[in-house]
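Hi,

Here's the structure I promised to pass on. Have a look at it first, and then read on for what turned up.

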Amino acid sequence: MFYYLCAAWTTISAAVSLGFSIQAYTKAKPQYNEERTNAKYAISRSFALFILSLGLFVFTSEPYLVALTTIMILVQLFDGIIGIKINLLKTLGPLLTAFGNFYVLVVFLLND
């Protein structure tokens, strides 16, 4: 049960990251080509992580779960640090997600 809880949290985290990447692309003005290009890179990273997170439900593997969850914790942690210069929501959201994901991972590992 804890495996699927951790996998679900990781997938939700990856989906939120993908959503923000898509939002960044759609809000980027066409005349700012560099901004749109950066958003495309964010989408490709986030889409890959989202697809990999769906694999957690197909291939139930503890090392796979720990590795991908750790990656998403780091992505959200760094997003939160970057968000400090933008606004409070873009700081707290990713940081709370990272800490929540870390907590669920620890619970999973302790109950395994």
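About 7100 Å² of the protein chain is exposed, and 73% of that comes from carbon and sulfur atoms. Keep in mind that this is a predicted model. Of the chain's 112 residues, 33% are buried.

As for the fold, you'll find 4 helices and 0 strands, so to speak an α-α-α-α pattern when you read along the sequence. The C-alpha atoms fit in a box of roughly 50 × 30 × 15 Å along the principal axes. If you take the contacts with a separation of 6 or more, 66% of them link residues 24 or more positions apart.

Now for the pockets. The largest pocket has a volume of about 610 Å³. It is lined by 20 residues, and Phe20, Ser21, Ala24, Asp79 and Lys90 are the closest to its centre. Helices H1 (2-27), H2 (33-58), H3 (62-83) and H4 (89-110) each give two or more residues to that lining. Which helix gives the largest share? That's H1, with 7 residues. Sorted by class, the lining has 8 nonpolar, 8 polar and 4 charged residues.

One residue to click on is Ser17, which sits in helix H1. Is Ser17 buried or exposed? Its relative accessibility is 6%, and buried means under 20%, so Ser17 counts as buried. Leaving out residues up to four places away in sequence, Ser17 touches Arg45, Ser46, Met72, Val75, Gln76 and Asp79. Asp79 has already come up, as one of the residues closest to the centre of the largest pocket.

Cheers

Technical notes: Residues are numbered from 1 along each chain as its sequence is written. This is a predicted model: local features need pLDDT of at least 70, side-chain atom pairs count only at pLDDT 80 or more; totals for chains, interfaces and linings use all residues. Side-chain values use heavy atoms; hydrogens and water are left out. On a 1 Å grid over the protein atoms alone, a cavity is a set of points where a 1.4 Å probe fits but cannot get out, and a pocket is an open set with protein on both sides within 12 Å along at least five of seven lines; lining residues have an atom within 4 Å of a point. Grid points are joined across faces, edges and corners, and a volume is the space filled by probe spheres set on the points. Ala, Val, Leu, Ile, Met, Phe, Trp, Tyr, Cys and Pro count as nonpolar, Asp, Glu, Lys and Arg as charged, and the others, Gly among them, as polar. Buried means under 20% relative accessible area, exposed over 50%, partly exposed in between (1.4 Å probe, protein chains only). Contact means heavy atoms within 4.5 Å. Accessible areas come from the Shrake-Rupley method with a 1.4 Å probe; for residues, only the protein chains shown count as cover.
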